[in-house]
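Reader: Please bring up the model so that we can work through it together. I shall begin with backbone details and then turn to the ligand.

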Amino acid sequence: MRLIFLGFGTVGQGLAELLLAKKTMLAKEYGFKPIVVGIADMLKGNVYNPQGINLKKALELVKADKPLSKLLGKTIEGDALAFIKQTKADVLLEATYTDVKTGEPATSHCRAALNKKMHVVTTNKGPVALNYRPLQRLAHSKKVKFLFEGTVVSGTPMINLIRDTLAGSEIREIKGILNGTTNYILTKMEEGMTYESALAKAQELGYAEAVPDADVLGWDALAKVTILANVFFNATAKPFDYPCDGITKITPEAIAEAKKAGQRYKLIGRIWREEGKVKAAVAPQKVDLTHPLAGVSGATNAVTITSDTLGDVTIVGPGAGRRETGFSMLIDLLHLGGKR
Ligand code: HSE
């Protein structure tokens, strides 16, 4: 399986590190022996080599702030679309920056790759939140897959869990903490850290989006809510069709007051059905300290899926991070090319 990394930031590097660390195990247990033939990044340059790229060296170069063009292979002139058009691979790993307002340029990257009959694995919420159906149809018509496990709660099972493991269930409600950065900030503010320091730390730990406004204004959670609504509730929504409020208005005083009253702020995303219509919203809520969501701290996410078959199933796990989101891409890759 020949792979191309598009975007080699936190997530791409997280996956590259896992592929190297698990190389022997993946080959032995899954018969999975991928070859990375291309890496293209807006800031780090690009390299293409049909014989394969030295991934370890690529990581070393990036850590040393040196361009990827120093690797053995050729450099493709132009943008990411030019790179996709002029290269050959089986899978495009799309991990460029997310824009939940336009879904671009990531949607065009996905479309170009699918048109070339490449599978697409992405962690980018933009294309899925805004263009899930057309991209899925295109993938289907080209007999390839469009996979996006990492778009919701990183590598913690969610998309594949609902689609495959809960297959045959009618999903009635999905509700929970869907953004790691804001949950981390709220947790740290309650411990006495300032909003600014907590946000800076979340950026350092690789939780926050490239533009962290998307986290603190609730847009990242909104994109995830929209993905879940479109994929599992048959909605045809765009992110800003739903009401959304973030955490920027929550002051340290409000957090302290809630604490005194035996409560804690959480940013909650919810999708549900009401009178035959699909509804969704993102808003901060005060939950009692005895409520299960109150105990979910830091960048951990927690989601309760209510179905006709099982009632409530709750998943708690990492919702962000380098290794965690890199891992989500590994799951999708193994679905494409691993045999066990
Ligand atoms: N910025 C996101 C979060 C990353 O903090 O949850 C995962 O989508």
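Author: Asp65 counts as exposed because its relative accessibility is 71%. Here exposed means over 50% relative accessible area, buried means under 20%, and partly exposed lies in between, with a 1.4 Å probe and protein chains only.

Reader: Before we continue, what kind of model is this?

Author: It is a predicted model, in which local features need pLDDT of at least 70, side-chain atom pairs count only at pLDDT 80 or more, and totals for chains, interfaces and linings use all residues. Residues are numbered from 1 along each chain as its sequence is written, and side-chain values use heavy atoms, with hydrogens and water left out.

Reader: Where is Asp65 found, and what is its phi?

Author: Asp65 sits in the loop that runs between helix H3 (55–63) and helix H4 (80–85). Its phi is near 60°, a positive value in a residue other than glycine. The helices (H or I, at least four residues) and strands (E, at least two) are DSSP runs, numbered from the N terminus.

Reader: And Glu275, what is its phi?

Author: Glu275 is not a glycine, yet its phi is positive, at about 50°. The loop that holds Glu275 lies between strand S8 (263–274) and strand S9 (277–288). With 81% relative accessibility, Glu275 counts as exposed.

Reader: Which peptide bond is cis?

Author: The bond from Glu104 to Pro105 is cis, with omega near 0°. Pro105 belongs to the loop between strand S4 (91–94) and helix H5 (106–115).

Reader: Now the ligand. Which residues are around it?

Author: The shell contains Lys125, Asn179, Gly180, Thr181, Tyr207, Ala208, Glu209, Asp215, Asp220, Lys224, Gly319 and Ala320. A residue belongs there if one of its heavy atoms lies within 4 Å of the ligand. Helix H8 (180–190) and helix H11 (219–232) each contribute at least two residues to the shell.

Reader: How does the shell divide by class?

Author: Three of its residues are nonpolar, four are polar and five are charged. In this scheme Ala, Val, Leu, Ile, Met, Phe, Trp, Tyr, Cys and Pro are nonpolar, Asp, Glu, Lys and Arg are charged, and the others, Gly among them, are polar.

Reader: Which ligand atom does Glu209 approach?

Author: A polar side-chain atom of Glu209 is 2.7 Å from a nitrogen atom of the ligand. For Lys224, the partner is a ligand oxygen atom at 2.9 Å, and for Asn179 it is a ligand oxygen atom at 3.5 Å. The protein covers 94% of the 250 Å² of accessible area that the ligand has on its own. Such areas come from the Shrake-Rupley method with a 1.4 Å probe.

Reader: How many salt bridges does the structure hold?

Author: There are 14, each defined as a side-chain nitrogen of Lys or Arg within 4 Å of a carboxyl oxygen of Asp or Glu. One of them joins the side chains of Asp220 and Lys125, at 2.7 Å from N to O. That pair links distant parts of the chain, with Asp220 in helix H11 and Lys125 in helix H6 (residues 125–141), 95 residues apart.

Reader: Are Asp220 and Lys125 buried or exposed?

Author: Asp220 is buried at 3% relative accessibility, and Lys125 is buried as well, at 7%.

Reader: What about Arg322, which residue does its side chain meet?

Author: The side chain of Arg322 meets that of Glu17 in a salt bridge of 2.7 Å, N to O. Arg322 in helix H13 (residues 322–337) and Glu17 in helix H1 (residues 10–21) are 305 residues apart, so distant parts of the chain are linked. Arg322 is partly exposed at 27%, and Glu17 is partly exposed at 27%.

Reader: How many residues apart are Glu204 and Lys201?

Author: They are three residues apart in helix H9 (residues 195–204), about one turn of the helix. Their salt bridge has its closest N and O atoms 3.2 Å apart. Glu204 is exposed at 60%, whereas Lys201 is partly exposed at 30%. Elsewhere, Lys125, Glu209, Asp220 and Lys224 are joined into one network by salt bridges that share partners.

Reader: Finally, which residues make the nonpolar surface patch?

Author: Met42, Leu43 and Tyr97 make it, with an area of about 410 Å². Nonpolar patches join side chains of Val, Leu, Ile, Met, Phe, Trp or Tyr within 5 Å, from residues with over 30% relative accessible area and no salt bridge; like charges are joined within 9 Å. Leu43 lies in the loop between strand S2 (35–41) and strand S3 (45–48), and it counts as exposed at 75% relative accessibility.

Methods: A polar contact is a pair of N or O atoms within 3.5 Å; within protein, one must be able to donate a hydrogen and the other to accept it, and residues adjacent in sequence count only if both atoms are side-chain atoms.
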